Amino acid sequence: MHVRAASYALNSLPGYLQKLLPDSAPVQPESLQAVLQEVETKILPGVTHWQSPNYYAYFPSNGSIAGFLGEMLSAGISIVGFSWITSPAATELEMIVLDWLANLLKLPNDFLSKGPGGGAIQGTASEALLVVLLAARDRILREIGKDALGKLVVYGSDQTHSSLQKACQIAGVHPENLRLQRTESCNEYALSPESLGDAISHDIASGLIPFFLCATVGTTSSTAVDPLLALGKITKRNQIWFHVDAAYAGSACICPEYRHHLNGIEEADSFNMNCHKWFLTNFDCSALWIKDRNTLIQSLSTNPEYLKNKASQGRKVIDYKDWQIPLGRRFRSLKLWMVLRLYGVENLQSYIRNHIKLAQQFEDLVAQDIRFEIVATRTFSLVCFRLLPANKNEEYANKLNRDLLDAVNSSGQIFISHTVLSGKYILRFVVGAPLTEERHIVAAWKLFQEASSSLLENS
Ligand code: PLP
């Protein structure tokens, strides 16, 4: 099967597939050959190739042969592991693998399954955040009474992922009680402990009840790192649940030289990293650790007669159904286990380091061209930059960069995405696809230069 090298679904217009496929399912079976032929001619032209070496958008979503084999085995075994008894291996492998990963990240022992904490694989970082927000909400409401829901306040920064807003909506947090503290470019867009402390004091003085902070290691727009230690001390003083979202950058912290970004994690109540972003584990696999698993279980467990069994009743086992929103769950730990075993820690570290080195090379190329500006300090493998016209009118600069994004993406040769920081439209170039090599970076930069020259000439 032929897959184009280009990483952008060039030919797809909205509704393109509806025009190509019939309105109803076939009454009689069709041949596999006919189906696969249509995959090639109708489906793949509408696929954005996240695994292409020329894919640099959003954050990566790594696939690998190890991850794929794990997915395949999981699909083949095809169990639904909601309780220990429904497939003991699924629950136990998940506990073991998340303990392994916690040790690799040097998370505090409180997060390991041997104590009152432990890890569970969620589908996404958004689900991880939602379940811990529910646990935190219920913990405080048990203490102060359910009527106080309208007074509960959640904190983050204006760089926190939008999944915090969604989780608040679902958890019933009053929309006016979500504080997204303003960040500044001079502070690299990290959440300032002073600003958090001031907001908490102000809310308490107004009769509100602070109860949850989501800090980020590697924000979505620019990979800013919030100062965990200082923030954690504030949350401890105020008995606020402290969640750390390291959806993308958590993977880098398996390397000793990047582990310092998690300094202060000992103050956190929960921690999350997406193995399906930058850890060679096919989507979906979001690792969540929590220090006190009972808080989650108290919020999310149900115990209907038809699910009762000796192991669960004896409280000797973990039933992961009580750590998540759905009942059913896939055997996701298999792919993570296979990734860890088939690569080994040293190869995983080299993998991360190579992407960061390539991002640095791209950043050096941008810095050498005086027509461009690097907009935020690069910490991991994301370069935030923009074309800076001689006429420094911001509106014009924003339009120029929007046009540049359109030009490089519509070439079909690469795929990037954008963000806005301090009112500036910025191009995001994230190195993280498993097959990206130096030659791809060099070619991508040439494309940016040529497209920029053409735009500037015609402007
Ligand atoms: N947190 C951060 C920092 C992210 O960058 C993202 C997505 O890119 C998310 C959370 C949400 O991830 P998910 O799609 O796993 O919910």
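## Exercises on a predicted model

In this predicted model, pLDDT stays under 50 over residues 1-8, a stretch for which the model has 20 contacts beyond four places in sequence. Where pLDDT is low, the predicted coordinates should not be read in detail. Keep that in mind as you work through the exercises.

### Exercise 1: Confidence

Find out what share of the protein chain reaches a pLDDT of 70 or more.

*Solution.* Start with the average: the protein chain has a mean pLDDT of 95. Next, take the share you were asked for, which is 98% of the residues. Then look at the scores for the model, an ipTM of 0.99 and a pTM of 0.96. Finally, set beside these the stretch at residues 1-8, where pLDDT stays under 50.

### Exercise 2: Overall shape

Decide whether the radius of gyration of the protein chain agrees or disagrees with that of a compact globule.

*Solution.* Begin with the length, 459 residues, because a compact globule of that length would have a radius of gyration near 23 Å. The protein chain has 24 Å, so the two agree. For another view, the C-alpha atoms fill a box of roughly 70 × 65 × 45 Å along the principal axes. Now turn to what is inside: the chain has 15 helices and 11 strands, and 44% of its residues count as buried. Last, consider contacts between residues at least 6 apart in sequence: 75% of them join residues at least 24 apart.

### Exercise 3: Lys277

Work out where Lys277 sits and whether it is buried or exposed.

*Solution.* First place Lys277 in the fold: it belongs to helix 9, which covers residues 275-278. Then count its surroundings. Lys277 has 26 other C-beta atoms within 10 Å, and 20 or more are needed to be buried, so Lys277 is buried. Next, list its contacts, leaving aside neighbours within four places in sequence: Phe59, Pro60, Ser61, Asn62, Ala247, Tyr248 and Ser251. To finish, check the record: an unreviewed UniProt entry places the feature "modified residue: N6-(pyridoxal phosphate)lysine" at Lys277.

### Exercise 4: Around the ligand

Name the residues that come nearest to the ligand, and sort the shell by class.

*Solution.* There are 14 residues around the ligand, and Thr124, Ala125, Ser126, His161 and Ala247 come nearest. By class, the shell holds four nonpolar residues, nine polar ones and one charged one. Ala247 links this exercise to the previous one, being also among the contacts of Lys277.

### Exercise 5: Backbone details in loops

Describe the backbone at Asp284, Glu188 and Gln239, and say how exposed Glu188 and Gln239 are.

*Solution.* Take Asp284 first. The peptide bond leading to it from Phe283 is cis, with omega near 5 degrees, and Asp284 lies in the loop between helix 9 and strand 7.

Move on to Glu188, in the loop between strand 3 and helix 7. Glu188 is not a glycine, yet its phi is positive, about 55 degrees. It has 16 C-beta neighbours inside 10 Å, so Glu188 counts as partly exposed.

Gln239 follows, in the loop between helix 8 and strand 5. Its phi is positive too, near 50 degrees. Gln239 counts as exposed because it has 12 C-beta neighbours inside 10 Å, and the cut-off for exposed is 12 or fewer.

### Exercise 6: Across the sequence

Find the separation between the C-alpha atoms of Pro256 and Lys106.

*Solution.* Locate Pro256 in the loop between strand 5 and strand 6. Pro256 is exposed, since 9 other C-beta atoms lie within 10 Å. Lys106 is 150 residues away along the chain, and the C-alpha atoms of the two are separated by 9.5 Å.

Conventions. Residues are numbered from 1 along each chain as its sequence is written. This is a predicted model: local features need pLDDT of at least 70, side-chain atom pairs count only at pLDDT 80 or more; totals for chains, interfaces and linings use all residues. A residue is near a molecule or strand if its C-beta atom, placed from the backbone, lies within 6 Å of it. Ala, Val, Leu, Ile, Met, Phe, Trp, Tyr, Cys and Pro count as nonpolar, Asp, Glu, Lys and Arg as charged, and the others, Gly among them, as polar. UniProt positions are given in the numbering used here, feature names are shortened, and annotations may be inferred rather than shown by experiment. Helices (H or I, at least four residues) and strands (E, at least two) are DSSP runs, numbered from the N terminus. Two residues are in contact if their C-beta atoms, placed from the backbone, lie within 7 Å. pLDDT is the predictor's confidence in each residue, from 0 to 100. The radius of gyration is taken over C-alpha atoms; the globule rule is 2.2 Å times the number of residues to the power 0.38.
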